[in-house]
Amino acid sequence: MRILVLGASSIVGRALAEEFAGGNTLVLTGRDARRLALTESSCRQAGAVEAQSVVLDLSLGAGPLLDGIGARTLDLIIDAASASSATRDDDLTAGDLPAFVSADVLAKTALLEGLLKRQGTAPAVILVSSVLARVRSPGRGVYASLKTLEEAYLRRMKAGRPDMRLLVVYVGTLIDRDRGSEKARTLAKAAARAFKGGRTVLFHGVGGLFYVGLFHVQPLLFLAFASLQRRLRRRP
Ligand SMILES: NC(=O)c1ccc[n+]([C@@H]2O[C@H](COP(=O)([O-])OP(=O)(O)OC[C@H]3O[C@@H](n4cnc5c(N)ncnc54)[C@H](OP(=O)(O)O)[C@@H]3O)[C@@H](O)[C@H]2O)c1
């Protein structure tokens with residue numbers, strides 16, 4: 001397979017690239033050339049046929065990325081890139097939003113559309129999302145909304161392209177960007193298993209699952225509480 005890894009300079013992106021490296025050709029992207037070089041060499045050690053880094057800023061659009069990928073067909077896109085992932089809503093500056101929307105949504109949608117024009121078969125996509133995209137997440141609304149928007153676009157694309165495979169991974173555990181390599185490897189193994197097993201959705205992390213469950217149970221708890229209150233008031 002020829003695989004594009006967006007966000008390959010991140011801890012999660014690197015773990016996924018290594019997990020999928022064996023026997024495959026990898027195109028690794030991100031902005032941090034030093035971290036990309038580390039991913040490149042660890043992918044070679046993990047058995048990649050070829051690993052090539054393309055240093056670029058997604059907020060500048062998909063053009064440089066489409067040029068970097070070249071004319072050869074891509075079989076799989078692993079999307080672990082997120083420009084907004086470290087930003088809380090309160091810390092946003094005026095210039096951040098256009099750059100986040102470009103990098104986290106528009107460049108990726110333009111990339112897929114560009115690829116679909118070039119190649120006959122659609123690439124499969126593994127989207128690394130977050131459980132925060134499945135709940136109302138105070139303080140992380142922008143990040144969660146951009147993940148939701150990208151997912152909605154991919155689902156719409158998939159509906160019109162029966163040959164396109166999509167796996168959305170909702171990460172529900174906190175992976176430390178500097179020290180979380182073991183957790184990232186566990187996530188990458190689970191994602192690879194889910195992909196090979198033909199799954200379309202993976203929730204990863206017990207804490208996150210509990211959070212999503214609690215979010216959906218909330219309205220029921222509220223109704224139960226309100227009805228209990230009414231009954232108590234009616235008592236003589
Ligand atoms: N860590 C967690 O606990 C956690 C939890 C849930 C979901 N996730 C998701 O998992 C993925 C990886 O997260 P992470 O924590 O390992 O890493 P991260 O620190 O969020 O890194 C994000 C990745 O995106 C790339 N990126 C950001 N802005 C970019 C831009 N403008 N152009 C090109 N690339 C850009 C970064 O590249 P450079 O560093 O080279 O700029 C980096 O490789 C993200 O999608 C995140 O939302 C992580």
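In this predicted model, Val128 has Val169, a residue of strand 6, as its bridge partner. This pairing belongs to a set of six bridges between strand 5 and strand 6 (residues 166-171), two strands that run parallel. The path from strand 5 to strand 6 leads through helix 5 (residues 141-160), and the resulting β-α-β crossover is right-handed.

**Strand 5 and its other partner**

- Strand 5 spans residues 124-130, and six of its seven residues are buried, so the rest of the structure largely encloses this strand.
- Strand 4 (residues 76-79) is also joined to strand 5, by four bridges, and these two strands run parallel.
- Within this pairing, Leu76 has Ala124 of strand 5 as its bridge partner.
- Between strand 4 and strand 5 the chain passes through helix 4 (residues 96-118), forming a β-α-β crossover that is right-handed.
- Strand 5 is thus bridged both to strand 4 and to strand 6.

**Helix 1 against helix 6**

- Helix 1 (residues 11-19) and helix 6 (residues 181-196) have axes that come within 8 Å of each other and cross at roughly 50°.
- Because of that angle, helix 1 is oblique to helix 6.
- The crossing in which helix 1 passes helix 6 is right-handed.
- On the side of helix 1, the residues that meet helix 6 are Ile11, Val12, Ala15, Leu16, Glu18 and Glu19.
- On the side of helix 6, the residues involved are Ser181, Ala184, Arg185, Leu187, Ala188, Lys189, Ala191 and Ala192.

**The protein as a whole**

- The protein contains seven helices and seven strands.
- Along the sequence, these elements follow the pattern β-α-β-α-β-α-β-α-β-α-β-α-β-α.
- Two stretches of this pattern are the passage from strand 4 through helix 4 to strand 5 and the passage from strand 5 through helix 5 to strand 6.
- Of the 236 residues in the protein, 36% are buried.
- Among contacts with a separation of 6 or more, 70% are between residues 24 or more positions apart.
- Taken along the principal axes, the box filled by the C-alpha atoms is roughly 80 × 40 × 35 Å.

Key
Residues are numbered from 1 along each chain as its sequence is written. This is a predicted model: local features need pLDDT of at least 70, side-chain atom pairs count only at pLDDT 80 or more; totals for chains, interfaces and linings use all residues. A residue is buried if 20 or more other C-beta atoms lie within 10 Å of its own, exposed if 12 or fewer, and partly exposed in between; C-beta atoms are placed from the backbone. Two residues are in contact if their C-beta atoms, placed from the backbone, lie within 7 Å. Two strands pair if DSSP finds at least two bridges between them. A crossover is right-handed if, with the strands pointing away from the viewer, the path from the first strand over the helix to the second runs clockwise. Axes are lines fitted to C-alpha atoms, for helices over the stretch in contact, and angles run from 0 to 180 degrees between N-to-C directions. Angles under 35 degrees count as roughly parallel, over 145 as roughly antiparallel, 65 to 115 as roughly perpendicular and the rest as oblique. A crossing is left-handed if the near helix is turned anticlockwise from the far one by less than a right angle, and right-handed if clockwise.
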